[in-house]
Every structure is written in C-alpha cells, then in structure tokens.
Amino acid sequence: MLDELSIETRTLFAELMERLAVREAQRNIGNLEGSFSTKSINGRDYLYFQHYVAGGTKRSICLGQKTAALEELVRQHKIEHTENQQDPIGIRELCAQLKAGRIATASHPVARVIRELADSAVFRVGGVLIGTHAFGCIGNLLGVRWDETTLGTLDIDVAAERNVSIAVPGIRADIPKALESLSMGFFPVPRLNPAHPSTTFAVRKSPLRVDLLTPKISQSEDPVFIPRLNAAAQPLSHLDYLITDPIPCCVINGDAIAVMVPQPLVFGLHKLIVSQLRDVTSGAKTHKDLYQAYQILSYFDRERPFELQQSWKELISKGGAWKKRAEAGLAAVKKFGELTAI
C-alpha cells in the first residue's frame with residue numbers, strides 16, 4: 001500500500017516547483033557571490049568585480065572606468081543580493097512546510113554536494129541525477145512517500161550523455177574543482193588500470209561519494225572523458241534508456257536545489273534491468289533495486305495503468321538483452337506484490 005502525501009503537501013510541492021522555476025529563470029546580478037572593488041590606475045579609478053566561477057575559482061573582472069552607470073550597478077547588486085538572501089519568493093519557507101508534511105529530504109552533506117554541482121552548472125549542461133536521490137525526488141513529484149529502507153544512502157550518482165546540445169553555448173562545468181571547493185576531502189578514487197581516469201570521487205573515512213556514469217555505446221568499458229564536465233564517466237549498459245528526456249525536479253534540504261531526474265516510470269522500469277546486472281555478491285543492492293522498482297510500478301499500476309502497459313510494451317519490444325533482463329526483473333519484483341497492468 002502506497003503512503004500518499006497529504007493533498008496539502010502535494011499542493012505545496014507543486015507551488016515549490018513553480019517558484020523554483022521562476023527563481024532559476026530570474027537569475028540576476030544579485031545571484032553572483034562576489035564583491036566590487038576600485039583600483040586606481042594612472043590617476044583614474046576602475047571598477048572590478050571579484051566572484052567565484054564553477055569549481056570555486058576566483059576571478060577578477062574589470063568593468064571599466066568608474067562612471068555613474070557603474071556605480072548604479074553596484075547599488076543594484078547590493079539591493080538584489082539582499083533580496084535574494086531574504087528569500088523573496090518564499091522557497092525556504094515552503095521547504096520548511098514540506099518537511100513538516102513528511103516529504104523526502106536529503107541529508108546535509110548530500111544536499112551540500114548536490115548544491116555545489118548544481119551551482120557549477122552540471123545539471124544545465126546535461127547532467128542527470130540518478131540513483132536513490134533521484135528516487136526520493138520522484139516520490140515527491142508523484143506525491144507519495146517511499147519506504148524509508150529504500151531512501152538512505154550517501155552515494156550520489158550523476159549520469160550524462162557523451163555529447164548533448166547545450167541551450168546556452170559556452171557553459172561548462174568542472175566537477176573535480178566543484179568538489180574540491182567544498183573542502184570536504186573529496187579525492188578521485190584510483191582505477192585498477194592506472195592509465196584510466198577516475199570516475200568516482202570519495203571522502204576518506206566516509207561513505208559519501210560521487211559516481212559519474214555515461215551510456216555504453218560500444219564493447220569498451222574504459223572510462224570516457226566528457227569535456228563539458230571536465231571529468232570522466234563510467235560507461236554503463238542500458239543507461240541511455242534511463243536518461244533520455246529527463247525532467248526538472250528538486251532536492252530539498254532547508255532550501256530547494258534545482259536538478260534534472262529521469263522520468264518516473266522510466267526510472268522504475270530501468271530498475272528491473274539494473275537488478276539483473278548485479279553480481280551475486282550484491283544481494284542487498286539487488287533487493288533495493290527491485291523494491292524501488294516495485295514501489296514506482298505499483299503507483300502506475302494503480303493510478304496510470306495504461307501508461308504502464310504502453311511503456312512496458314515499448315521496453316520489451318527492444319528484444320534481446322533488454323527483453324530478457326526486463327522480464328527477469330519483473331518476475332523477481334512480483335514477490336513484493338501483484339502488478340495487474342503488466
């Protein structure tokens with residue numbers, strides 16, 4: 001039996017998503033973390049703006065000789081920055097109300113990492129949050145509360161296609177620098193083959209880690225460097241199915257962090273396949289995959305059965321390993337309960 005969030009909480013979440021979209025669209029000079037300074041050169045005053053770019057690198061930009069127009073820019077920055085700090089559209093207040101409504105939230109360390117990735121443009125250049133943290137986001141989006149045993153993890157999984165069209169050309173993310181700027185002790189985990197770049201960043205003596213993944217398009221399992229992320233990702237079979245046409249959502253922890261996640265039904269069906277890719281030593285992870293799949297699929301089985309039927313037919317029509325693994329996963333997931341639509 002699915003644990004539905006109250007109608008009030010579902011309404012608040014819908015409102016949060018609308019306000020978050022507005023905030024993302026209205027990013028202005030007040031969102032820039034930095035400060036203005038004046039330098040005197042050859043008897044003339046020049047205005048500079050010092051700020052941090054993706055990855056925590058500090059830059060100083062000369063805006064030109066000091067004028068009345070530039071002084072107005074400084075004044076406007078102070079006003080807008082203060083307004084942003086005061087949460088003018090009430091996002092943090094909504095997050096507090098949603099937390100009281102038992103919505104899924106991220107732990108502070110996880111939220112801190114995801115926020116840095118978001119601020120570093122990872123999700124604006126095609127990055128997609130997958131794994132358990134995306135599963136929590138999807139529950140909020142569907143208006144249900146998942147079983148607590150399938151929510152807890154400090155693993156943060158981000159997937160990206162090797163090449164995508166960027167809405168705003170020239171934007172780049174820098175995942176290694178972004179993680180380094182957190183000063184949390186992240187380090188690239190060495191590969192067995194020292195010639196291969198790391199696809200995992202971890203914190204010593206902590207389960208907190210970030211894994212980077214990309215669809216597997218050949219027989220090679222060697223890491224693939226993705227320039228727009230300045231990082232390598234591990235190729236994974238069937239991942240292209242998961243991250244096609246991702247949707248906006250948010251991670252909640254005091255504030256809301258805008259991310260991209262897989263489509264809910266695709267996430268559930270993909271988990272059937274993932275459960276069959278685990279080796280025999282990963283029994284706990286396989287159980288978690290199947291239980292996450294069951295929770296999502298049972299929601300669609302009850303609320304949108306026709307959509308589930310159509311998506312299932314499309315999946316198994318791929319044939320080969322797709323069909324074999326999907327059907328094996330479905331047979332295994334039915335130990336949790338019946339799915340009448342498929």
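Colleague: Buried means under 20% relative accessible area, exposed means over 50%, and partly exposed is in between. On that basis, what percentage of the 342 residues count as buried?

Modeller: The model is a predicted one. Of the 342 residues of the protein, 46% count as buried.

Colleague: How many helices and strands are there?

Modeller: The protein has 11 helices and 14 strands. As for contacts between residues at least 6 apart in sequence, 66% of them join residues at least 24 apart.

Colleague: Let us turn to the interior. Which residues touch the most other members of the largest nonpolar core?

Modeller: They are Leu16, Val113, Leu129 and Phe186, in a core of 91 residues. Helix α9 gives the most to this core, contributing 8 residues.

Colleague: And what is Leu16 in contact with, leaving aside its neighbours within four places in sequence?

Modeller: With those neighbours set aside, Leu16 contacts Ile91, Leu94, Cys95, Leu98, Cys250, Ile252 and Ala256. Another core, of 5 residues, lies apart from the largest one, and its members include Phe36, Leu47, Phe49 and Val74.

Colleague: Now the pockets. What volume does the second largest pocket have?

Modeller: Its volume is about 1,100 Å³. The pocket is lined by 34 residues, and those closest to its centre are Leu213, Leu236, Val274, Arg278 and Lys285.

Colleague: Which element gives the most to the lining of that second largest pocket?

Modeller: Helix α9 does, with 5 residues. The elements that each supply at least two lining residues are α5 (131-142), β7 (155-159), β10 (209-215), β12 (231-236), α7 (239-243), α8 (264-275) and α9 (283-303).

Colleague: How many residues of each class are in that lining?

Modeller: The lining of the second largest pocket has 13 charged, 11 nonpolar and 10 polar residues.

Colleague: Staying with α8, where does His270 stand: buried or exposed?

Modeller: His270, which is placed in helix α8, counts as buried because its relative accessibility is 5%, and the cut-off is 20%. Leaving aside its neighbours within four places in sequence, His270 is in contact with His238, Leu239, Tyr241 and Leu242.

Colleague: A change of topic. How many salt bridges does a search of the whole structure find?

Modeller: The search finds 15. One of them joins Asp255 and Arg23, with the closest N and O atoms 3.3 Å apart. This pair links distant parts of the chain, since Asp255 is in strand β14 (residues 255-261) and Arg23 is in helix α1 (residues 7-25), 232 residues apart.

Colleague: Why does Asp255 count as buried?

Modeller: Asp255 has a relative accessibility of 11%, so it falls under the 20% limit.

Colleague: What is the N to O distance between Glu148 and Arg145?

Modeller: The side chains of Glu148 and Arg145 form a salt bridge at 2.1 Å, N to O. Glu148 is exposed, with a relative accessible area of 51%, whereas Arg145 is buried at 15% relative accessibility.

Colleague: And which partner does Asp211 meet in a salt bridge?

Modeller: The side chain of Asp211 meets that of Arg209, at 2.9 Å from N to O. Asp211 is buried, with a relative accessible area of 12%, while Arg209 is partly exposed at 31%. Elsewhere, salt bridges with shared partners join Glu4, Arg10, Arg302 and Glu303 into one network.

Colleague: Finally, the backbone. What is the phi of Ala121?

Modeller: Most residues other than glycine have a negative phi. Ala121 is not a glycine, yet its phi is positive, at about 75°. Ala121 is found in the loop between α4 (108-119) and β5 (128-130). Its relative accessible area is 4%, so Ala121 is buried under the 20% limit.

Colleague: Where does Asn230 lie?

Modeller: Asn230 lies in the loop between β11 (224-226) and β12. Asn230 also has a positive phi without being a glycine, with a value near 50°. Its relative accessibility of 34% lies between the limits of 20% and 50%, so Asn230 counts as partly exposed.

Technical notes
Residues are numbered from 1 along each chain as its sequence is written. This is a predicted model: local features need pLDDT of at least 70, side-chain atom pairs count only at pLDDT 80 or more; totals for chains, interfaces and linings use all residues. Side-chain values use heavy atoms; hydrogens and water are left out. On a 1 Å grid over the protein atoms alone, a cavity is a set of points where a 1.4 Å probe fits but cannot get out, and a pocket is an open set with protein on both sides within 12 Å along at least five of seven lines; lining residues have an atom within 4 Å of a point. Grid points are joined across faces, edges and corners, and a volume is the space filled by probe spheres set on the points. Helices (H or I, at least four residues) and strands (E, at least two) are DSSP runs, numbered from the N terminus. Ala, Val, Leu, Ile, Met, Phe, Trp, Tyr, Cys and Pro count as nonpolar, Asp, Glu, Lys and Arg as charged, and the others, Gly among them, as polar. A salt bridge is a side-chain nitrogen of Lys or Arg within 4 Å of a carboxyl oxygen of Asp or Glu. Buried means under 20% relative accessible area, exposed over 50%, partly exposed in between (1.4 Å probe, protein chains only). A nonpolar core is a set of buried Ala, Val, Leu, Ile, Met, Phe, Trp, Tyr and Cys residues joined through side-chain atoms within 4.5 Å. Contact means heavy atoms within 4.5 Å.
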